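Student: Could you take me closely through one part of this model, namely a sheet and what packs around it? Please extend the account to the surroundings wherever that helps the picture.

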Amino acid sequence: MHLNRIKEFKRILIIRLSSLGDILLTTPFVRALKKFNPQLNIEFLLRQEYKDLLVMNPNINQLYFFTRNDFENLNLINKLRQQPFDLIIDLQNNLRSRGLISKLKGEKVKFDKKSFQKLLLVKTKINLLRNAPPIPVRYAQVIDGIELDDFGLDLFTDREPSEEIKSKENLIGICPGARHFTKRWPLEYYIELSKLLIQNKFNVVLFGGKIDKKICERIKKEIPQAINLCNEDDILQTAADMKLCKTIVCNDSGLMHTASAVGTKLLTIFGSSVKEFGFVPYNCKSLILENNSLGCRPCSHIGRESCPEKHFACMKEIKPEFVFNELIKFLKND
């Protein structure tokens, strides 16, 4: 579909049901569409648990929520079937989203997931993704001719920073969690890094959601000086708090994209994943640390629950002292 046709459209429905980072990565594309046609009604379907990512986005006119309740989803689909959408953009492109858009009326385009290229890289290490652009650019490629601006991701919040950090200086955010084990830098390394930071007059702030609570609690137990702001997936509060940090140290995770979206500098540690998949900090000041000496990376395009080679060298060989030194150099280059 060519961009010029967007001038004629009144309503577009974008579908990206999950997850945290994937939804945030759609926002440059949404912004570009709105900039090209300010009169365009942009509507967005996502899972209800991620609604705060877009609820305050001024470029989106209407949100629809997919839930865990089949009856509610059936009613939603029936409602959407009656809507006169000019275009439906499927940025999820999986079985669920394809089944969903098959029931809706309107012209349809789908995001190219490059599934074959990802599988080839994981299974054979043949890299056809070496020159692939980051995911926001690939999302935008569903519309020929559209150009993204030079800004990053969007995440709007009206929250005030937490009282625990309002008066603090030299804040370094630590996000020790990730959905899959092979994307998590070892907990003991985060503890050691946090000790080095505190010894050097930094204040350590722990960030995470529900699934990260135990990890953050263990770090807090080892380092009582750390400020634990892990919460119940309150992403708007997390975003407000991250804005006060000099840098966020994190894994390849949804909170990496959250920090990117609020403009905070990022130091990210990649384990089983690689930059070629496209899920990297987008248009922000960032540094990615990874072990490029291994022939087994990547072992998965989404992450695994254990290291298939049993050594987990992709993470274990990236030592805390090295990360600390790289972080200090990164801060000095601001």
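Tutor: What follows begins with one sheet and then moves outward from it.

The model is predicted, so that local features are given only at pLDDT of at least 70 and side-chain atom pairs only at pLDDT 80 or more, while totals for chains, interfaces and linings use all residues. Residues are numbered from 1 along each chain as its sequence is written, and side-chain values use heavy atoms, with hydrogens and water left out.

The sheet to look at is an open one of five strands, in the order S3-S2-S1-S4-S5 and with parallel pairing; strands here are DSSP runs of E with at least two residues, helices are runs of H or I with at least four, both numbered from the N terminus, and two strands pair if DSSP finds at least two bridges between them. Its edge strands are S3 and S5 (107–110), each of which pairs on one side only. Neighbouring strands of this sheet are turned against each other by 20 degrees on average, direction ignored. Helix H2 (residues 27–36) packs on the sheet, where it touches S1, S2 and S4 (87–90), and its direction makes about 165 degrees with that of S2; contact means heavy atoms within 4.5 Å, and angles run from 0 to 180 degrees between the N-to-C directions of lines fitted to C-alpha atoms, for helices over the stretch in contact. Helix H3 (residues 70–81) also packs on the sheet, touching S2 and S3, with its direction at about 145 degrees to that of S3.

Strand S2 (residues 41–47) deserves a closer look. Five bridges join S1 (residues 11–15) to S2, and these two strands run parallel; within that pairing, isoleucine 12 stands opposite isoleucine 42. Five bridges likewise join S2 to S3 (residues 62–66), again in parallel, and there leucine 46 has phenylalanine 65 as its bridge partner. Six of the seven residues of S2 are buried, so the strand is largely enclosed by the rest of the structure; buried means under 20% relative accessible area, exposed over 50%, and partly exposed in between, with a 1.4 Å probe and protein chains only. Phenylalanine 65 has a further partner, since lysine 51 lies over the face of its ring at 6.0 Å from the ring centre (the criterion is NZ of Lys or CZ of Arg within 6 Å of the centre and within 35 degrees of the ring normal).

Isoleucine 12 also leads to the nonpolar interior. Leaving aside residues up to four places away in sequence, isoleucine 6 touches Met1, Ile12, Leu33, Phe36, Asn37, Leu40, Leu87 and Ile143. The largest nonpolar core has 60 residues, and those with the most contacts inside it are Ile6 and Ile89; such a core is a set of buried Ala, Val, Leu, Ile, Met, Phe, Trp, Tyr and Cys residues joined through side-chain atoms within 4.5 Å. A second, separate core holds 35 residues, including Trp185, Phe202, Leu206 and Leu327.

Leu206 of that second core leads to another sheet. Six strands form this open sheet in the order S8-S7-S6-S9-S10-S11, with parallel pairing, and its edge strands are S8 (227–228) and S11 (286–290), each pairing on one side only. Two bridges join S7 (residues 203–206) to S8, which run parallel, and leucine 206 stands opposite asparagine 228 of S8. Helix H8 (residues 187–199) packs on this sheet, touching S6 (171–175), S7, S9 (247–251) and S10 (265–270), and its direction makes about 175 degrees with that of S6.

Tryptophan 185, also in the second core, counts as buried at 1% relative accessibility, and tyrosine 189 counts as buried at 10%. These two form an edge-to-face aromatic pair, with 5.4 Å from centre to centre and 70 degrees between the planes; rings of Phe, Tyr and Trp (its six-membered ring) pair if their centres lie within 6.5 Å, with planes under 30 degrees apart counted as stacked, over 60 as edge-to-face and the rest as tilted. Trp185, Tyr189 and Tyr190 form one aromatic cluster.

Beside this sheet, helix H10 (residues 235–242) is mostly covered, with eight of its eight residues buried. The buried residues of H10 pack against H1 (20–24), H7 (163–166), S6, S9 and H11 (254–261). Elsewhere, the charged end of lysine 265 sits over the ring of phenylalanine 330, 4.1 Å from its centre.
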